[in-house]
Each structure stands twice: as structure tokens, then as C-alpha cells.
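Me: I would like to go through this chain step by step. Could you put the sequence and the structure up before we begin?

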Amino acid sequence: MTENPFEALGGGGFDMNALLQQAQQMQEQLQAAQQRLAETTVDGTVAGGAVTVKVSGIGELVAVDIKAGGFDGSDADDLSDLGDMIVAAYRDAKAQADALAGETLGPLAGGGAPGGPLGFGG
């Protein structure tokens, strides 16, 4: 077979090098966006600032801040409530990080959303 199978696509030539170069540029842009996300942080806060957590743009827990005087470490109920508040603050921050990742990576990842088929967020 001597016919070029890509002629039907409108032109006769298929520049594989151009396609590979474009793919490499997209990969570099995606890596740069992922690096920016890793360096970005968002805060999640509950109970009027009693508990604040800091999460990176890729969803990693970076810090937990507990306002002094709000909890009695000797009371089991207070400690249980504190644990619940930390989880709630993390979920708040993680939702913000996922939204940020969707905005940042979506156009570069073919519209992939956090937790989508590309596995961002989860």
C-alpha cells in the first residue's frame, strides 16, 4: 500500500515531530501547574476559627492550628469534639484545594476534574 492513510484528513502530510513537540509542551505545562499547586496552600476553618487547617493545593495536610483556651485536654468529650472539628476543617480545605486543582489542571488535563478519571483530588 503506497497511499498515505492521512491524506483523507486533509493534506497528505502528517507531522509526527510537531505532534510530539506539542505533547511535550503540554506535559511541561502540566508539570509546572502541578508544582504551583504543591506550593499553594488553602485554609479550612470551623467553629469561628477555633480550628484552622492548612492544606496544599494537591490536598496534603500542612498544618493544624487550634485556638488556645477553647478545649480542655482532660475532658474526653472536648477531645472528641476537637477531633471532629479537625476533620471538618480538613474537609473544608480539601474541597477548596480540589476546586483549585480543577481550575488549574482542568484545561491542561483535557478538562479532567478533581477526583475524575485522571485521579486528581480523590
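Me: To start with a single residue: is Leu-19 buried, partly exposed or exposed?

Reply: Leu-19 is partly exposed, as its relative accessible area is 41%. Please bear in mind that this is a predicted model.

Me: Where is Leu-19 found?

Reply: Leu-19 belongs to helix H1, which covers residues 16-39.

Me: Which residues form a nonpolar patch with Leu-19?

Reply: The patch on the surface consists of Phe-14, Met-16, Leu-19 and Leu-20. Together these four have about 380 Å² of accessible area.

Me: And which residues of H1 are buried?

Reply: They are Leu-30, Ala-33 and Leu-37. The elements that cover them include S2 and H2.

Me: Why would residues three or four places apart in an α-helix point the same way?

Reply: An α-helix has 3.6 residues a turn, so positions three or four places apart point the same way.

Me: What span does H1 reach, and what is expected?

Reply: From its first C-alpha to its last, H1 reaches 35 Å, close to the 34 Å expected at 1.5 Å a residue for its 24 residues.

Me: Let us step back. How many helices and strands are there in the chain?

Reply: The chain has two helices and three strands. In sequence order the pattern is α-β-β-β-α.

Me: In what sense do S1 and S2 pair?

Reply: S1 and S2 pair in the antiparallel sense, over six bridges. One of the partnerships is that of Val-46 with Val-51 in S2. The two strands form a hairpin with four residues between them.

Me: What is the phi of Ala-47?

Reply: Phi of Ala-47 is near 55°, which is a positive value in a residue other than glycine. Ala-47 sits in the loop between S1 and S2.

Me: How many bridges join S2 to S3?

Reply: Five bridges join S2 to strand S3, residues 61-66, and the two run antiparallel. Thr-52, for instance, has Asp-65 in S3 as its bridge partner. S2 and S3 also form a hairpin with four residues between them, and Gly-59 in that turn has a positive phi of about 95°.

Me: Why is S2 largely enclosed by the rest of the structure?

Reply: Five of the six residues of S2 are buried, so the strand is largely enclosed by the rest of the structure.

Me: And S1: which side chains point to which face?

Reply: The side chains of S1 alternate. Val-42, Gly-44 and Val-46 point to one face and are buried, whereas Thr-41, Asp-43 and Thr-45 point to the other face and are not buried.

Me: New topic. How many salt bridges does a search of the whole structure find?

Reply: The search finds two salt bridges. One joins Lys-54 to Asp-43, with the closest N and O atoms 3.2 Å apart. This pair links distant parts of the chain, since Lys-54 is in strand S2 (residues 51-56) and Asp-43 is in strand S1 (residues 41-46), 11 residues apart.

Me: Is Lys-54 buried or partly exposed?

Reply: Lys-54 counts as partly exposed because its relative accessibility is 30%. Asp-43 also counts as partly exposed, at 37% relative accessibility.

Me: What forms a salt bridge with Asp-98?

Reply: Lys-94 does, and the closest N and O atoms are 2.7 Å apart. The two residues are four residues apart in helix H2 (residues 76-105), so about one helical turn separates them.

Me: Is Lys-94 buried or partly exposed?

Reply: Lys-94 counts as buried, because its relative accessibility is 15% and the cut-off for buried is under 20%. Its partner Asp-98 is partly exposed, with a relative accessible area of 21%.

Me: Finally, some totals. What share of the chain do buried residues make up?

Reply: Buried residues make up 23% of the 122 residues in the chain. The chain exposes about 7900 Å², of which carbon and sulfur atoms supply 53%.

Me: What share of contacts do residues 24 or more positions apart account for?

Reply: Such residues account for 42% of the contacts in the chain with a separation of 6 or more.

How values were computed
Residues numbered from 1 in each chain as written. Predicted model: local features only at pLDDT ≥ 70, side-chain atom pairs only at ≥ 80, totals over all residues. Heavy atoms only, no water. Patch = residues over 30% accessible without salt bridge, like charges linked within 9 Å, V, L, I, M, F, W, Y side chains within 5 Å. Areas by Shrake-Rupley, 256 points an atom, 1.4 Å probe, with all protein chains shown as cover. Salt bridge = Lys/Arg side-chain N within 4 Å of Asp/Glu carboxyl O. Buried < 20%, exposed > 50% of the residue type's maximum accessible area, 1.4 Å probe, protein only. Pairing = 2+ DSSP bridges. Expected span 1.5 Å × (residues − 1). Contact = heavy atoms within 4.5 Å.
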